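Thanks, everyone, for making the time this morning. I would like to walk through one structure with you, going from the overall fold to the individual side-chain contacts.

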Amino acid sequence: MQYRQDKYGEPLSILGFGCMRFPQKGRSIDLAETEREIMEAVSAGVNYFDTAYIYPGSEAALGEIVERNGIRDRIRIATKLPQYLVGSSAALDRYFNEQLRRLRTDYVDYYLMHHLTDVAMWEKLKKVGVLKWIAEKKKSGAIRNIGFSYHGNTDGFLKILNDYDWDICQIQYNYFDEHSQAGVAGLKAAAEKGIPVMIMEPLRGGKLVNMLPDPAKKVMDRSGRGWSYAEWSFRWLYNQPEVTVVLSGRPSSIPLSPSASFGICMVVKPYIDDFAPSMVKPPISSNLCLSSTVLFHVRVFSSSHEVLIVSLNNAFTSLLLFTEE
């Protein structure tokens with residue numbers, strides 16, 4: 001397993017375990033299978049586990065498994081304040097104390113304001129005294145690092161990012177969302193401030209695997225590397241040094257060896273016009289779509305590079321270049 005550092009130099013596995021959707025048995029979490037997966041991940045070197053108050057049964061299951069196997073000192077737990085339920089200062093302690101009980105611990109390594117979508121949500125928390133509350137919890141050691149997870153636009157992300165001395169942030173980011181939500185601009189802004197960035201939805205809810213158009217699959221398949229479509233997505237993320245941890249709900253299904261040497265997946269200019277006409281063929285469009293995205297394929301004459309142009313609403317928004325290692 002490879003590791004990147006948090007704000008204070010602590011090593012975090014580049015692959016994190018997302019605990020939102022544990023295996024189910026009927027209507028309940030399959031605790032035995034969940035335990036097997038968690039322990040397999042820990043054995044492989046995964047040390048970052050991400051859960052939240054509103055993930056049904058997740059915190060309690062994680063806490064039970066961690067306690068039974070005596071691995072609390074080997075892992076880092078991230079959970080989240082349900083800020084959308086908070087209406088008073090008393091609620092801050094009520095939810096946090098319940099989370100500690102569920103997790104069977106007396107501290108949380110990374111505590112995030114969950115699902116902020118705009119500045120107004122953060123301002124509401126400030127009005128109920130969250131800044132003083134955070135300071136007290138950090139001083140006592142009950143919270144080691146404070147952060148926020150975000151689902152709004154780039155402008156809102158940057159305002160929240162610059163309004164407080166955060167230790168961590170979490171954003172939805174993948175090659176489809178490079179220029180939406182916090183986007184690459186938010187990723188780089190956080191990194192410039194030394195704030196680790198955790199990535200959720202690296203596969204866009206599975207769409208970058210299950211709904212990937214055939215032309216895109218052919219480009220990846222022709223590389224001869226044998227990487228899964230999920231691995232292409234993860235490698236694109238890992239090639240960006242600003243990314244700290246990428247979350248996967250089923251880490252064991254991502255075929256990345258602990259010593260994987262990530263291939264080069266460069267982000268280049270977003271408009272086809274930026275390329276000299278002698279360098280590329282006209283794009284061959286496809287009627288197969290990924291949501292509102294159409295993928296095109298062009299070949300650079302001067303090399304064997306394969307290029308995918310991602311178009312959103314008929315406007316070019318991203319270009320992926322898969323090169324030889």
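Let me begin with helix 6, and please keep in mind throughout that what you see is a predicted model. Helix 6 spans residues 154–161, and within this helix Asp155 and Lys159 sit 4 residues apart, which means that about one helical turn separates them. Their side chains form a salt bridge, in which the closest N and O atoms are 3.3 Å apart. Neither end of that bridge is buried: Asp155 is partly exposed, with a relative accessible area of 45%, and Lys159 is partly exposed as well, at 47% relative accessibility. Helix 6 itself lies across strand 8 (108–116), strand 9 (143–150) and strand 10, and its direction makes an angle of about 160° with strand 9.

That brings me to the strands. Eight of them close into a barrel, in the order 3-6-7-8-9-10-11-12, and the pairing is parallel. From one strand to the next, the twist averages 30°. As a reminder, strands of a sheet pair through backbone hydrogen bonds, and they can do so either in parallel or in antiparallel fashion.

I would like to look more carefully at one part of this barrel, namely strand 10 and what follows. Strand 10 (residues 168–172) and strand 11 (residues 197–200) run parallel and are joined by 4 bridges. Two of the residue pairings can be named here: Ile171 has Ile199 in strand 11 as its bridge partner, while Gln172 is partnered by Met200, also in strand 11. Together with helix 7, strand 10 and strand 11 make a right-handed β-α-β unit. Helix 7, which covers residues 183–192, lies across strand 10, strand 11 and strand 12 (243–248), and it runs at about 165° to strand 10.

On its other pairing, strand 11 meets strand 12 in the parallel sense, over 3 bridges, and there Val197 stands opposite Val243 of strand 12.

Which way do the side chains of strand 11 point, and are they buried or exposed? Val197 and Ile199 point one way, Met198 and Met200 point the other way, and all of them are buried. In general, the side chains of a regular strand alternate between the two faces of the sheet.

Let me return to charged side chains. The model contains 20 salt bridges, and one of them joins Glu10 to Arg76, with an N to O distance of 3.9 Å. Glu10 is in the loop between strand 1 (3–5) and strand 2 (11–13), whereas Arg76 belongs to strand 7 (residues 76–81), so this pair ties together parts of the chain that are 66 residues apart in sequence. Glu10 is partly exposed, its relative accessible area being 37%.

A more local case is found in helix 2 (residues 58–69), where Glu64 and Arg68 are 4 residues apart and therefore separated by about one helical turn. The salt bridge between their side chains has an N to O distance of 3.0 Å. Both partners are partly exposed, Glu64 with 24% relative accessibility and Arg68 with a relative accessible area of 46%. Beyond such pairs, there is also a network of salt bridges that links Lys7, Lys138, Asp165 and Asp167.

Finally, the aromatic residues. There are 18 aromatic pairs in the structure. Among them, Trp227 and Trp232 form an edge-to-face pair, with 4.7 Å from centre to centre and 70° between the planes, and both of these tryptophans are buried. Phe234 and Tyr238 make another pair, with ring centres 6.2 Å apart and planes at 55°, an angle that does not exceed the 60 degrees needed for edge-to-face, so this pair is classed as tilted. Phe234 and Tyr238 both lie in helix 10 (residues 229–238), 4 residues apart, about one turn of the helix, and each of the two is buried.

I will close with a group that goes beyond pairs: Trp122, Phe148, Tyr150, Phe157, Tyr164 and Trp166 form one aromatic cluster.

Technical notes. Residues are numbered from 1 along each chain as its sequence is written. This is a predicted model: local features need pLDDT of at least 70, side-chain atom pairs count only at pLDDT 80 or more; totals for chains, interfaces and linings use all residues. Side-chain values use heavy atoms; hydrogens and water are left out. A salt bridge is a side-chain nitrogen of Lys or Arg within 4 Å of a carboxyl oxygen of Asp or Glu. Buried means under 20% relative accessible area, exposed over 50%, partly exposed in between (1.4 Å probe, protein chains only). Two strands pair if DSSP finds at least two bridges between them. Axes are lines fitted to C-alpha atoms, for helices over the stretch in contact, and angles run from 0 to 180 degrees between N-to-C directions. Contact means heavy atoms within 4.5 Å. A crossover is right-handed if, with the strands pointing away from the viewer, the path from the first strand over the helix to the second runs clockwise. Rings of Phe, Tyr and Trp (its six-membered ring) pair if their centres lie within 6.5 Å; planes under 30 degrees apart count as stacked, over 60 as edge-to-face and the rest as tilted.
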